[in-house]
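The following exchange concerns the terms by which a structure is described. Each reply sets a computed value against the definition behind it.

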Amino acid sequence: MRIPAFIPAVAVALVAAAAAASPLVPVPAGIYRPLFRGGNDAKEIPVAAFRLAIAPVTNGEFLEFVRANPHWQRSRVKRLFADENYLKHWAGDTELGPGCDAAQPVTWVSWFAAKAYAAWAGGRLPTTAEWELAAGAGFTQADGAKEPEFVRAIARWYGTPTPAVLPAAGSGRPNFHGLRDLHGLVWEWTADFNSAIVTGDARGDTGLERQLFCGAGSAGARDASDYPAFMRFGFRSSLKAAYTVHNLGFRYAKDP
Amino acid sequence: MKPLVISLLAFAGVLHAEPVPQEKPPCCREEAKPDHLLSDKSLYQLESTWTSDAGCEVKLGVLRGRPQVVGMFFTTCEYACPIIVENMKSIERALPGSLRGKVGFLLVSFDVGRDTVEALHAYRAKKTLSDEWTLLRGREDDVRELAALLGINYRKDARGQFSHSNVITVLDADGEVVFQQTGLNKDATETVAALEKLPAAPPQPSAP
């Protein structure tokens, strides 16, 4: 019943995507409850109100960014800031090519590149707490965990391989805040992706390693049913800032 | 403890007021700057500005010219950081004569809130760090970025302490990562061997 209502919005978003960055919507203040905690970590992290882009940044939007900032073009980027696969799916420095759609979310981008884009767009990357808070909202209520349909929908995606051809950014069903594709399209960089501590940690939090990698682990986690959150935690902790990955993109945030 | 800190702060104040000629803060030392361009893997490309325990504002590129042994820490750390610093000191002690005075040691704080210039300065005194050591503090974003470049994960806990990976990194004279040691209390041998493999640093200029 709601589907026909938002088709025009998708069309508008896609047209807009070619020209300008995705619009932002407000996400009200809330509480993020981390899945994994060390003995001294807070159970609840208050998150102030912020704004988040409705959809991940697209190839078309990123193309404008590299045109305006040539040092982020594929042949010019410094190896320190992006590995050798940076934007490898594009045909050239400022050319997407036939196999790459302007409306698809940009992938093969490093954390540094994502951060630079966000700053260029007048924003920043969302923190992990902000991202998780926004992504925890269901389709119809602020707490998606209370919405079985939402829980099933995201579990389906996290159990499905990334399709060879990515759908357009912004085509997913909007969540309670009006945000799309937080689940179901690509993984996304966060500002503090490297706050996930798995090994070699300072003060005996290495129990996190057990929590993450063994079946027994779920016993120590906040909510053993939140399997997608396990996956995101594990994925983030495996990243390095210069890495680029075929199904890892980003969206940007701004203060209210 | 408190009187000690206060006296150190007072001491720092005196230093600022009347610079002692022989006290040459490491970050302000002029390294021999090679002519060649930095490679695109050099950390010294970073534009971020840092403040040393001597109050100097510097970019990391100021450290160019000799290898650096780098650790990240915070001064109120009770467990891991003192060990990291001890490990770095044991690397300094284990340096062969040919490398003495030709390797720098860099500590960068996670704690942008509490590790002020004064706190860093007091830490240098408390740990009796030699003049080869540079202690830096920076903006939160810049600390997160440097940590990302060094492959160090960290987060602040409810008590304001930081959980963090324990990594000691060797940068060559041009700021490229050439060796990393992870974990605590590793023998200094491997790190020293990594330093010995680097090309000899140019002779240090005499103090201007």
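The questions and answers below treat chain A, its contact with chain B, and the sheet of chain B.

This is a predicted model, in which local features need pLDDT of at least 70, side-chain atom pairs count only at pLDDT 80 or more, and totals for chains, interfaces and linings use all residues. Residues are numbered from 1 along each chain as its sequence is written, while chains are lettered from A and ligands numbered from 1 in the order in which they are written.

Q: What makes up the secondary structure of chain A?
A: Chain A has 7 helices and 7 strands, where helices (H or I, at least four residues) and strands (E, at least two) are DSSP runs numbered from the N terminus. Their order from the N terminus is α-β-β-β-β-α-α-α-α-β-α-α-β-β.

Q: Which residues of helix H7 of chain A are called buried?
A: A residue is buried if 20 or more other C-beta atoms, placed from the backbone, lie within 10 Å of its own (exposed if 12 or fewer, partly exposed in between). In H7 (residues 227–237), Ala229(A), Phe230(A), Arg232(A), Phe233(A) and Arg236(A) are buried.

Q: Why are the buried residues of H7(A) said to line one face of the helix?
A: The arc is taken from the directions from the helix axis to the C-beta atoms. Seen down the axis of H7(A), the buried residues fall within an arc of 165°, so they line one face.

Q: How many residues of chain A are in contact with chain B?
A: Contact requires C-beta atoms, placed from the backbone, to lie within 7 Å. By that criterion, 20 residues of chain A are in contact with 26 residues of chain B.

Q: What makes E3 and E8 of chain B paired strands?
A: Two strands pair if DSSP finds at least two bridges between them. Strand E3 (residues 68–73) and strand E8 (residues 167–171) of chain B are joined by 4 bridges and run antiparallel; they therefore meet the criterion of at least two. Val70(B) has Thr169(B) in E8(B) as its bridge partner.

Q: Why are E2 and E9 of chain B placed at the edges of the sheet?
A: The open sheet of chain B has 7 strands in the order E2-E1-E5-E4-E3-E8-E9, with mixed pairing. Strands E2 (57–59) and E9 (177–182) of chain B each have a single partner strand, so one side of each is left without a neighbour in the sheet.

Terms used. Contact = placed C-beta atoms within 7 Å.
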